[in-house]
Amino acid sequence: MDSKYDSLKIENQLCFPLYACSRTIIKQYTPFLEAIDLTYTQYITMMVLWEKKELNVKSLGESLYLDSGTLTPLLKKLEKKGLIERRRSTEDERNLIVSITEEGEALREKALSVPEHVASCIRLEPDEAAVLYKLLYKLLDETKA
């Protein structure tokens, strides 16, 4: 066997299990999110807005690790559903502000069971989940810098 190509084997790639786990976990969310008419990306966007209530698009994108090309159509769909509003800042017209609507706030109650349902599908001990969480954010912080 030629070890020259070992770095190209899928089992030697850290990115592959991260990618596969991400897809698998998002798939676990799907039936619970369909019940509240959200995609996974819409759901995580709403999670930020449930907490912050209002913020500019740039800050929202940074919170979600999403670029404006992904965020803009997503926000348009959420606005069409009546869950958010978008408006230009009065201080700086270049700044687009996103805020949650009453309907968006009401959806929070319906979403309350989603994390519990998904947690029951993921078989990690709480201490394992905490270590994984810490390591994943370490990777995110390293790639962000």
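In what follows, contact means heavy atoms within 4.5 Å. Happy to walk you through this predicted model.

Q: Leaving aside its neighbours within four places in sequence, which residues is T101 in contact with?
A: Let's first place the residue: T101 is in the loop between β3 (96-100) and α5 (102-111). Once neighbours within four places in sequence are set aside, the contacts of T101 are G82, L83, I84 and E85.

Q: How far from a polar atom of the T101 side chain does the backbone oxygen of G82 lie?
A: G82 is among the residues that T101 touches. A polar contact needs a pair of N or O atoms within 3.5 Å. Here, the backbone oxygen of G82 and a polar atom of the T101 side chain are separated by 2.5 Å.

Q: Is T101 buried or exposed?
A: The cut-off for buried is under 20% relative accessible area. T101 has a value of 13%, so this residue is buried.

Q: What pattern does the protein chain follow along the sequence?
A: There are 7 helices and 3 strands in the protein chain. Reading along the sequence, you meet them as α-α-β-α-α-β-β-α-α-α.

Q: Why does the protein chain count as more spread out than a compact globule, and what is its radius of gyration?
A: Along the principal axes, the C-alpha atoms fill a box of roughly 65 × 35 × 25 Å. For 145 residues the globule rule gives 15 Å, and the protein chain is more spread out than a compact globule because its radius of gyration is well over that, at 18 Å.

Definitions and conventions. Residues numbered from 1 in each chain as written. Predicted model: local features only at pLDDT ≥ 70, side-chain atom pairs only at ≥ 80, totals over all residues. Heavy atoms only, no water. Helix = DSSP H or I, 4+ residues; strand = E, 2+ residues; numbered from the N terminus. Buried < 20%, exposed > 50% of the residue type's maximum accessible area, 1.4 Å probe, protein only. Polar contact = N/O pair within 3.5 Å; in protein donor to acceptor, adjacent residues only side chain to side chain. Rg over C-alpha atoms; globule rule 2.2 N^0.38 Å.
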